Amino acid sequence: MTPFPTIILKPKFHNNINQILIQFDYNDSLIKLVRTLPEARWSKTLKSWYIKNNPSNLKLIFSVFKQHAFVNSKPLFDKPSVKPTKFPEKRVRRLSADNKNLLNNFYKYLKGKRYSKSTINTYSFFMADFIDFNNSKDLRNLNNRDVELFIENVFINRKYAVSTQRQFISAVKIFIAFYPDTQINNIELTRPKKSKKLPTVLSQEDVINLLRCTKNLKHRAILALLYSAGLRISEVLNLKIEHFFIDRKQLIVKNAKGRKDRYVGLAESFLPLLFNYLNTYTPKVYFIEGAKGGTYSASSVRKFLAKSCEAANIKTYVTPHTLRHSYATHLLENGVGIRHIQELLGHSKPETTMIYTHVSRKDLVNIKSPLDNAINQLKETQKEEQNFLLSRNN
């Protein structure tokens, strides 16, 4: 039996690259060693260290852990890593030529209605699956029960969320307006109720700590702008240099959700960071650009945000949208009215903005629990019990 701890190397396709997983039981010495590998990264999702799979990195692994651990590389060569398919549940659809033509026309119909690219792709995907599911039926005979059966047999099995099912019903409603020859009754089509989940919100202290722990200047500028202006991740990615009006301390968000433009104020404290970032990185077109120019990727933002949260010891699951939720909630706590917050966020309906009233601490922190009131009354009425403590053993 080897006196050294064991390290197991496994193949894995991760971040669109063939990687080597470096797995071992928790060991401070081995963690220090793996951190000396220049390209080694820790993945919360995989719960493993990983490094790009190439001969030089493999040689480096053996060199670093020599005399410190037994490296088992057999699994690395037993089964090569394979790039996963983007939609593993997708299968080849059995659509007739007429149905394919109908779906193509439906796609054009959606484009003509000026739906967003994402909505067009989603609705077309759902309707193609629905028609394929009923491929043995004449489309003119489809009814509401066929819609229910599709949900029961496909959506439930695929464990789709309630929000996805609501999207499908919306797709069907638009489809029967485009193709009214079916027997599906629009009035009887009902969407399931929305899940009423409260947004995750960071404290102001957590936000400051998060920015402090983000050492990379570019990354810190992105996170600071997401929070200080309450922007969506897509809005930051599409933001151009020409959209900043620094003399007015404003920026304009162009063609945002719902094809709306809006002005947002720039935080005074963000300006020095903005100037530092612009002078250091000198972006040409977009506020943040990829290595080869063009727009930055949302996945990259999510990755470095996760690392910053880990460094800041924030245990809550945080996404870029969490910073937008935090921005809105902190504005409300600071006394800004709902109507103004609605405008700043670019919400079409005030009801969407009202959700932040449920997570604001402004009024709730001043409400005393009846338990506190009961104990205080006990202290006042019974002098011998003035030192009563809830935590004491009775």
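These questions and answers cover a pocket and the nonpolar cores of a predicted model.

Student: How much space lies in the second largest pocket?
Tutor: Residues closest to the centre of this pocket include Asn-15, Tyr-50 and Lys-303. The lining is made up of 33 residues. The space in the second largest pocket is about 1000 Å³.

Student: Which element gives the most to the lining of the second largest pocket?
Tutor: Strand 2 (17-23), strand 3 (41-43), strand 4 (48-52) and helix 12 (298-311) each supply at least two lining residues. With ten residues, the element that gives the most is helix 12.

Student: How many residues of each class does the lining of the second largest pocket have?
Tutor: Tyr counts as nonpolar, Asn as polar and Lys as charged. Tyr-50, Asn-15 and Lys-307 are among the residues closest to the pocket centre. For the lining, the counts are 14 nonpolar, ten polar and nine charged residues.

Student: Which residues touch the most other members of the largest nonpolar core?
Tutor: This core holds 47 residues. Phe-287 has contacts that include Ala-221, Val-236, Phe-270 and Tyr-277, leaving aside residues up to four places away in sequence. Leu-225 is also one of the residues that Phe-287 touches. The members that touch the most others are Leu-225 and Phe-287.

Student: Which helix gives the most to the largest nonpolar core?
Tutor: Elements that each supply at least two residues of the core include helix 8 (204-212), strand 7 (250-256) and helix 13 (320-333). Another of them is helix 9 (217-229). With nine residues, the helix that gives the most is helix 9.

Student: How many residues does the second, separate core have?
Tutor: Ala-128, Phe-130, Ala-171 and Ile-184 are among its members. The size of this second core is 29 residues.

Notes
Residues are numbered from 1 along each chain as its sequence is written. This is a predicted model: local features need pLDDT of at least 70, side-chain atom pairs count only at pLDDT 80 or more; totals for chains, interfaces and linings use all residues. Side-chain values use heavy atoms; hydrogens and water are left out. On a 1 Å grid over the protein atoms alone, a cavity is a set of points where a 1.4 Å probe fits but cannot get out, and a pocket is an open set with protein on both sides within 12 Å along at least five of seven lines; lining residues have an atom within 4 Å of a point. Grid points are joined across faces, edges and corners, and a volume is the space filled by probe spheres set on the points. Helices (H or I, at least four residues) and strands (E, at least two) are DSSP runs, numbered from the N terminus. A nonpolar core is a set of buried Ala, Val, Leu, Ile, Met, Phe, Trp, Tyr and Cys residues joined through side-chain atoms within 4.5 Å. Buried means under 20% relative accessible area, exposed over 50%, partly exposed in between (1.4 Å probe, protein chains only). Contact means heavy atoms within 4.5 Å.
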